[in-house]
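Trainee: I'd like to learn how to read a structure like this one. Could we go through it feature by feature?

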Amino acid sequence: DRVLREMQRTQTIIRSATGKTPRYYRPPYGEVDARVAKIAAAAGLSTIQYDVASGDPDPSMTAKRIARGVLRDAKGGSIVVLHMNRKGVRTAEALPEIIAGLRGRGYRLVTVGELLGPASTREKKYPR
């Protein structure tokens, strides 16, 4: 009950701030089990995971190391987790290099919704 209420409260806050209702849920630390995924579904959310952890919450990580790791590990269709909660103290510094590097390899940066949209649309818009 508590988990469902928290998800619903978060959806309400996000909807108030953005005018949009979230459709996706990324569990904290990527930790999820069948019970939590079922609760998220009851809240109208699809549970997603990332495949590239930037390491940006680590205060010892430099912007260069964050960018190098993301660029090393990202591939077509990757979901990269970056933080803007002030724990990722070098995230904003790393972003220009990450964005330029990914675009330089021919990747387009898209929202999770665009990435996970219908396969026929995805393949037309974002060939790998």
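**Reading the model, step by step**

Mentor: Let's start with one residue: at 34% relative accessibility, D73 counts as partly exposed. Keep in mind that this is a predicted model.

Trainee: Where does D73 sit, and what does it touch?

Mentor: D73 is in helix α3. Leaving out residues up to four places away in sequence, D73 touches V52 and S78. With V52, the C-alpha atoms are 6.3 Å apart, although 21 residues separate the two in sequence.

Trainee: How should I read the words buried and exposed?

Mentor: Compare the relative accessible area with two cut-offs: under 20% is buried, and over 50% is exposed. D73, at 34%, is partly exposed because its value falls in between.

Trainee: Is Q11 buried or exposed?

Mentor: Q11 has a relative accessible area of 8%, so it is buried. This residue belongs to helix α1. Beyond its sequence neighbours up to four places away, Q11 touches T21, P22, A43 and L45.

Trainee: And A40, buried or exposed?

Mentor: A40 comes out at 0% relative accessibility, so it counts as buried. You'll find A40 in helix α2. With residues up to four places away set aside, its contacts are M7, Y25, L45 and T47. There is also a C-alpha distance to look at: A40 and Y24 are 16 residues apart along the chain, and 8.8 Å separates them.

Trainee: What would an exposed case look like?

Mentor: Take K20, which counts as exposed because its relative accessibility is 62%. K20 lies in the loop between α1 and β1. An exposed residue can still have contacts: K20 touches I14 and R15, again not counting residues up to four places away. Y29 is another, exposed at 69% relative accessibility.

Trainee: What is the backbone doing at Y29?

Mentor: Its phi is positive, about 60°, although Y29 is not a glycine. Y29 sits in the loop between β1 and α2. You can look for a positive phi elsewhere too: G106, which follows α4, has one near 90°.

Trainee: How do I check the length of a helix such as α4?

Mentor: Work out an expected span from the rise per residue, then compare it with the distance between the end C-alpha atoms. Helix α4 covers residues 91–104, which is 14 residues, so at 1.5 Å a residue it should span 20 Å. Its end C-alpha atoms are 19 Å apart, which agrees.

Trainee: Which residues of α4 are buried, and what do they pack against?

Mentor: The buried ones are T91, A94, I98 and L102. The buried residues of α4 pack against α3, residues 63–73. Now look from the other side: in α3, the buried residues are A63, I66, A67, G69, V70 and L71. Their cover includes β3 (52–53), β4 (80–81) and α4.

Trainee: How would I describe a pocket?

Mentor: Give its volume, then its lining, then the chemistry of that lining. The second largest pocket here has a volume of about 750 Å³. Its lining has 22 residues, and I14, P22, Y24, Y25 and R26 lie nearest its centre. The elements that give two or more residues to the lining are α1 (2–18), β1 (24–25), α2 (34–42) and α5 (112–115).

Trainee: Which element gives the most to that lining?

Mentor: That's α1, with seven residues. By chemistry, the lining of this pocket divides into 11 nonpolar, four polar and seven charged residues.

Trainee: Now zoom out. How many helices and strands does the chain have?

Mentor: There are six helices and four strands. Read from the N terminus, their order is α-β-α-β-β-α-β-α-α-α.

Trainee: Which numbers describe the chain as a whole?

Mentor: Start with burial: 27% of the 128 residues are buried. Then the surface: the accessible area is about 8800 Å², and 55% of it belongs to carbon and sulfur atoms. Last come the contacts: among those between residues at least 6 apart in sequence, 58% join residues at least 24 apart.

Key: Residues numbered from 1 in each chain as written. Predicted model: local features only at pLDDT ≥ 70, side-chain atom pairs only at ≥ 80, totals over all residues. Heavy atoms only, no water. Expected span 1.5 Å × (residues − 1). Buried < 20%, exposed > 50% of the residue type's maximum accessible area, 1.4 Å probe, protein only. Contact = heavy atoms within 4.5 Å. 1 Å grid on protein atoms, 1.4 Å probe; cavity = no way out; pocket = protein on both sides within 12 Å on 5 of 7 lines; lining within 4 Å. Points joined across faces, edges and corners; volume = space filled by probe spheres on them. Nonpolar A, V, L, I, M, F, W, Y, C, P; charged D, E, K, R; others polar. Areas by Shrake-Rupley, 256 points an atom, 1.4 Å probe, with all protein chains shown as cover.
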